[in-house]
Amino acid sequence: MSRDLYDGSTALRDDLGALLAQMPLFNALAPNVLHQIADTAEWLSLPGGAALFAAGEPADALYIVLSGSLAVLTADGRVQGRFLARLAAGDTVGEMGLISGRPRMAHVVALRNTELARISARAFNDVLRRDPEAMWRIAQLMVKRLERMDAMPRAHLRGASTFTVLPQSLEVDFAGFSTALVKALAAFGRAELVWSVRAGTHTSQWFNDIESANDFVVYVADPTPSRWTKLCERQADALLLLARAESPAGSWGALRWPHDHSLTPRRWELILAHDTGIETGAAARWLTNLPDIPHHHVQSPADYARLARVLTGRAVGLVLSGGGARGFAHIGAVKALREAGIPIDMVGGTSMGGILGAGVAGHWSVTELTDRFRHYFVESRPLRDYTLPFVSLVSGRKVSRMLFEAFGELAIEDLPLSFFCVSSNLTTGHPYVHRRGELWRALRASVSVPGVLPPVVNAGQVLVDGGAMNNLPVDVMLELGRGPVIGCDAGADRAFTTSGDDLDVPLPWQVMRWIRARRQLPNIFQILWRSGMINSTTLTSAQRSRTDLLLRPPLADIDMLNWKAFDRAIQSGYDYTVRRLDELPEDSALRRSAG
């Protein structure tokens, strides 16, 4: 798609000079230097979806965003890379290439119709050559900016401010949905709802003005192709595909299908509005034609509040580690978070943390979590169905029955909250992230401790406990880029000790004396369990540092297989989390997400 150059008026150039004076990149320059830079600027109009530049191209200019929005993407394939950052009015892009002299390092595309000022490398260098000290100050500023970018959690970079609601058909209540969404967004700033009857004849400057006056703007498109719908697509940072969950899955008539990425926002979200409870299988039905698009279930006011946090980069992600019986501490942590009003919008976990996380994502109450896990693990003792150890010590049938009894035929995508769990793929040698499919089977793979439980075979791939490769999958949550992340690590580094020095199995006539000695020796379950986790210890240490809040309840005195320590582990998790939340600053990202 072409980029259109046009002449800027004198007033625009004066405005640019004033804008430059307010920008960190230029505010150290003398007024006459700023005026010279503004005089050399070219004015560029970039349609939504068009590329500004691609990775590998020569760094021939820097750009100042005057209105609209740009997306910065990694160089993973042409312009289909991973989202890195969103640039709004007043931001600059491309200056790093001018200073370093290297080709572009990322792709930059317009999320919507965008107007920019282009300052060529030649003009920039001509002006700064007359003021070497200014060049030095700009270089120092760029170093500081890079340091801040490296330290900034990616989870906080993904928020949007303009949204377009695109109804799938007239039978979905898009008016009610849009009104409720704007009300939820208003908890975080000024929000306005824009309909076609109000804005159909306005100019692009009117849209820029209304977006400048608000923190969030929600455009409501027509369910059929129209000029207004296309305009809405161009204006939006995120396109919300709204459908009635109970209806037969269909396409969006207002879009060309399959959609043209060059004409629409890069960020798409599927919103499934439910009349009553979540219908099992509805998500899978709608996701058949949209396999790579995030989806959200909406029914109650709480769902709208959660959706507002997710869309604006304020969603709280909770990541729960494996750790056997120590994982019961997660129940106490969840109880403390809920009592403190900290929302849990997304959940992920490994092994025991994955199973508990599925309960949290299913909106189980603390009482329900406590009662169910006491029944399934303390009373039922699922690891007591021993078998001949050809593959594992335990047959795994009791664990499979327990998981199916708890979750039935529920699919991961049917959970009210976004959820994932992690297993270890022995076939590929990499972690495997479960986001769709049968929930109980994914959890069965995530908890399959090598040697203790049989592995799960999925499409010819052998899956075992996620703790073998990633026991605290904070990185998986951060990749979603939805907001701050809480990590609860119940897999303490010190797993078990022994008071004995000789671990050789005694001769038969020494057995009684060996038993009487009551030495605290590790058993085969402990050895296999810990061996399955040991390789991920270094990664877990790195994952802890990437959280916005790290919870590490004191659990060293609880054995990973001591299911009878159930209540003690819960209380430890609760008491510790209460103390940590009391220490949270009032201006922390988690407090802000709580509203």
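**Exercise 1.** Which residue of strand 17 does Leu320 stand opposite? Place strand 16 among its neighbours in this predicted model.

*Solution.* Leu320 stands opposite Gly349 in strand 17. Strand 16 covers residues 317-320, and strand 17 covers residues 346-350. The two strands run parallel and are joined by four bridges. Between them, the chain passes through helix 12 (residues 329-339), forming a right-handed β-α-β crossover.

Next, consider the pairing of strand 16 with strand 22 (residues 485-488). Here too, four bridges link strands that run parallel. Gly317 has Val485 as its bridge partner in strand 22.

Finally, examine the two faces of strand 16. Gly317 and Val319 lie on one side, Leu318 and Leu320 on the other, and all are buried, leaving both faces covered.

**Exercise 2.** Determine why helix 13 is described as largely enclosed by the rest of the structure, and characterise the contact of helix 12 with helix 13.

*Solution.* Begin with accessibility, where buried means under 20% relative accessible area. Helix 13 spans residues 352-361, and ten of its ten residues are buried, so the rest of the structure largely encloses it. Among them are Met352, Ile355, Leu356 and Val360, together with glycines such as Gly353 and Gly357. After the helix comes His363, with a positive phi near 65°.

Then take the helix pair. The axes of helix 12 and helix 13 come within 10 Å and cross at roughly 35°; the crossing is right-handed. Helix 12 contributes His330, Ile331, Val334 and Arg338 to the contact, while helix 13 contributes Gly353, Leu356 and Val360. Sorted by class, these comprise four nonpolar, two polar and one charged residues.

The spacing of contact positions can be read against helical geometry. An α-helix has 3.6 residues a turn, so residues three or four places apart point the same way.

**Exercise 3.** Establish the strand order of the open six-stranded sheet, and identify which strands stand at its edges.

*Solution.* The order is 11-12-10-13-14-15, with parallel pairing. Strand 11 (191-194) and strand 15 (295-298) are the edge strands; each has a single partner strand, so one side of each lacks a neighbour in the sheet. On average, neighbouring strands are turned by 25° against each other, direction ignored.

At one edge, four bridges connect strand 11 to strand 12 (residues 216-220), and Ala191 stands opposite Phe216.

The last step adds the helices. Helix 9 (residues 227-235) lies across strands 10, 11, 12 and 13, running at about 155° to strand 12. Helix 11 (residues 301-311) packs on the sheet, touching strands 10, 13, 14 and 15, and its direction makes about 155° with that of strand 15.

Methods
Residues are numbered from 1 along each chain as its sequence is written. This is a predicted model: local features need pLDDT of at least 70, side-chain atom pairs count only at pLDDT 80 or more; totals for chains, interfaces and linings use all residues. Side-chain values use heavy atoms; hydrogens and water are left out. Buried means under 20% relative accessible area, exposed over 50%, partly exposed in between (1.4 Å probe, protein chains only). Two strands pair if DSSP finds at least two bridges between them. A crossover is right-handed if, with the strands pointing away from the viewer, the path from the first strand over the helix to the second runs clockwise. Axes are lines fitted to C-alpha atoms, for helices over the stretch in contact, and angles run from 0 to 180 degrees between N-to-C directions. A crossing is left-handed if the near helix is turned anticlockwise from the far one by less than a right angle, and right-handed if clockwise. Contact means heavy atoms within 4.5 Å. Ala, Val, Leu, Ile, Met, Phe, Trp, Tyr, Cys and Pro count as nonpolar, Asp, Glu, Lys and Arg as charged, and the others, Gly among them, as polar.
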